[in-house]
Protein chains: 2
Amino acid sequence: METELPASSTAPSASRKKRGEGHTRRDEILLAAKTLFLEEGYDAATIRKIADRVGVSAPTLYLYFQDKEAIMLALCDQTFGRLIERIAKIEKTVTDPLERICRFGDAYARFGLEHPDEYRLVFIGNNIPEAVRKVGHRMPIDDPTRPGVGGALVFSRLVAMLSQLEASGVKLNYPPDTCAELCWMGIHGVVAALIMKPDFPWSNRETLIQGMQDIVINGILSRA
Amino acid sequence: METELPASSTAPSASRKKRGEGHTRRDEILLAAKTLFLEEGYDAATIRKIADRVGVSAPTLYLYFQDKEAIMLALCDQTFGRLIERIAKIEKTVTDPLERICRFGDAYARFGLEHPDEYRLVFIGNNIPEAVRKVGHRMPIDDPTRPGVGGALVFSRLVAMLSQLEASGVKLNYPPDTCAELCWMGIHGVVAALIMKPDFPWSNRETLIQGMQDIVINGILSRA
DNA sequence: CAAATAACTTATCAACGTTAAGTTATCACC
DNA sequence: GGTGATAACTTAACGTTGATAAGTTATTTG
């Protein structure tokens with residue numbers, strides 16, 4: 001009657017979690033999903049593949065996440081969390097407003113290039129769902145625990161830095177919001193290009209990053 | 001026996017094409033696909049919807065295109081052809097090297113925002129076939145009729161313009177190649193951001209485009 | 001031990017891109 | 001004016017996808 005042999009054949013078949021330990025399974029799903037997303041991209045990483053890697057059935061994922069998109073959003077928050085930490089550290093250690101912004105750009109670009117797949121997952125990619133594309137919005141941070149607001153926090157720090165720079169007496173060519181957008185777009189352009197076309201014979205990476213940084217900073221500062 | 005009433009009910013049911021006029025149907029498909037892509041985006045514009053709009057069955061599309069992506073690529077070629085035309089026109093009508101570059105940036109940005117889906121597929125997409133992924137490389141434009149090389153031609157024109165600018169006696173802060181990369185990265189950053197996060201409350205579009213243009217041009221020109 | 005319920009599975013759905021196989025209409029030719 | 005080749009097209013279906021409904025275990029609590 002095949003009383004019990006706990007899936008001795010091929011399936012991973014993770015053991016059933018005990019009563020209060022659902023979050024463990026949730027973390028397992030996130031880890032598997034992250035790996036698969038980075039290995040194969042959002043579309044190719046199907047619910048069934050993720051479930052297989054965890055060792056459970058596909059519908060089990062829906063016990064822990066509302067839909068596939070929610071898994072993606074949770075991963076975005078993880079990634080943004082690390083970047084937010086770095087930026088918070090800069091804000092604590094660096095006092096000069098202009099120096100802060102330079103360090104921000106440097107940290108941002110470096111973060112993107114150090115985690116190209118995660119960066120691509122959040123900022124690039126043509127097939128990611130609507131809500132994920134909205135990651136980075138600055139306005140509605142009504143609920144800081146809501147998935148997907150990590151990017152908003154990052155961007156809001158840049159806006160804050162530029163407001164402080166203006167408050168410190170430096171004249172800007174545009175409002176702080178617009179300056180922040182232009183700064184981000186410039187640096188993002190560099191990071192995105194380097195990530196998406198790694199085989200292109202680009203000029204030296206440091207030259208491009210530093211160059212774009214100089215260009216953007218000089219461009220927003222009103223020429224004395 | 002319902003001998004013949006040619007689909008008088010609801011279906012569009014386009015009439016069958018005569019012998020040599022398959023290309024007519026092909027154009028109809030392209031038009032319907034373009035409309036639907038722009039109305040609902042690449043994913044939401046399903047094969048069945050396109051076929052419905054044309055008035056034929058879904059598999060009929062596969063008589064004219066290898067797959068869904070081939071339809072998109074054909075549309076890309078149409079669209080990029082128009083951008084190349086615009087740039088060629090600029091090169092013919094505008095003589096001043098600096099003015100040319102400004103006009104290039106303006107045309108490029110405007111084109112990207114007018115054709116977000118095509119732009120995304122060629123310049124941002126990460127899940128697309130080899131032939132398209134390498135678009136933007138300046139080196140190997142071996143076969144100009146191959147789908148997707150439009151971007152390479154565009155970039156090569158920018159490099160040429162910057163070389164001409166330098167040849168005209170203007171001092172640059174970087175080699176022409178690097179300048180072209182920085183120019184493109186900056187403008188691309190704006191376009192990509194506006195396309196990928198259309199719901200973000202960005203500043204005024206024209207301000208951002210013109211601003212980035214100013215910033216990049218000023219940053220490239222050696223300060224006299 | 002027994003009720004409650006967290007954790008999980010099987011079976012199934014509609015929609016997707018795509019293919020196989022069959023059907024009709026048109027043309028060239030005798 | 002028939003006849004055969006074939007362009008143009010359809011119906012039926014395949015394999016996957018994300019997602020849901022409904023049922024089944026296993027654990028905890030009283």
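**Close-up views of the protein–DNA contacts and of chain B**

**View 1. Phosphate contacts along DNA strand D.** A backbone N or O atom of Ser57(B) lies 2.8 Å from a phosphate oxygen of DNA strand D, in what is a predicted model rather than an experimental structure. Chain A also reaches the phosphates of this strand: a polar backbone atom of Ile47(A) is 2.9 Å from a phosphate oxygen of DNA strand D, and an N or O atom in the side chain of Lys68(A) is 2.8 Å from a phosphate oxygen of DNA strand D. Ser57(B) and Ile47(A) thus take part through backbone atoms, while Lys68(A) takes part through its side chain.

**View 2. The protein surface around DNA strand D.** DNA strand D is surrounded by 25 residues, of which Arg19(A), Tyr62(A), Arg19(B), Arg25(B) and Tyr64(B) are the closest. Among the elements of secondary structure, α2 (47-54) of chain A and, from chain B, α1 (22-40) and α3 (61-64) each supply at least two residues of this surface. Sorted by class, the surface near DNA strand D holds 13 charged, seven nonpolar and five polar residues. On the DNA side, 59% of the atoms of strand D within 4 Å of the protein belong to sugar or phosphate, and the rest belong to bases.

**View 3. The protein surface around DNA strand C.** Here 24 residues surround the strand, and those that come nearest are Arg19(A), Arg25(A), Tyr64(A), Arg19(B) and Tyr62(B). Of the atoms of DNA strand C that come within 4 Å of the protein, 57% are accounted for by sugar and phosphate. At least two residues of the surface near DNA strand C come from each of α1 (22-44) and α3 (61-64) of chain A and α2 (47-54) of chain B. Twelve charged, seven nonpolar and five polar residues make up this surface by class.

**View 4. Phosphate contacts along DNA strand C.** Two tyrosine side chains are shown with the phosphates of this strand: a polar side-chain atom of Tyr64(A) lies 2.6 Å from a phosphate oxygen of DNA strand C, and an N or O atom in the side chain of Tyr62(B) is 2.6 Å from a phosphate oxygen of DNA strand C. Ile47(B) contributes through its backbone, with an N or O atom 3.0 Å from a phosphate oxygen of DNA strand C.

**View 5. Helix α6 of chain B in its surroundings.** Eight of the nine residues of helix α6 (residues 116-124) of chain B are buried, so this helix is largely enclosed by the rest of the structure. The buried residues of α6(B) include the charged residues Asp117(B), Glu118(B) and Arg120(B), and Tyr119(B), Leu121(B), Val122(B), Phe123(B) and Ile124(B) are buried as well.

**View 6. The second largest pocket, with its lining in chain B.** This pocket has a volume of about 220 Å³. It is lined by 14 residues, and Pro116(B), Asp117(B), Arg120(B), Ile195(B) and Pro198(B) are the closest to its centre. The helices α1, α6 and α9 (176-196) of chain B each supply at least two residues of the lining, with the largest share, four residues, coming from α1(B). Domain 1 (22-65) and domain 2 (71-220) of chain B each give at least three residues to the lining of the second largest pocket, which by class has seven nonpolar, six charged and one polar residues.

Notes
Residues numbered from 1 in each chain as written. Chains lettered and ligands numbered in written order. Predicted model: local features only at pLDDT ≥ 70, side-chain atom pairs only at ≥ 80, totals over all residues. Heavy atoms only, no water. Near = heavy atom within 4 Å. Polar contact = N/O pair within 3.5 Å; in protein donor to acceptor, adjacent residues only side chain to side chain. Buried < 20%, exposed > 50% of the residue type's maximum accessible area, 1.4 Å probe, protein only. 1 Å grid on protein atoms, 1.4 Å probe; cavity = no way out; pocket = protein on both sides within 12 Å on 5 of 7 lines; lining within 4 Å. Points joined across faces, edges and corners; volume = space filled by probe spheres on them. Domains from an automatic or database assignment.
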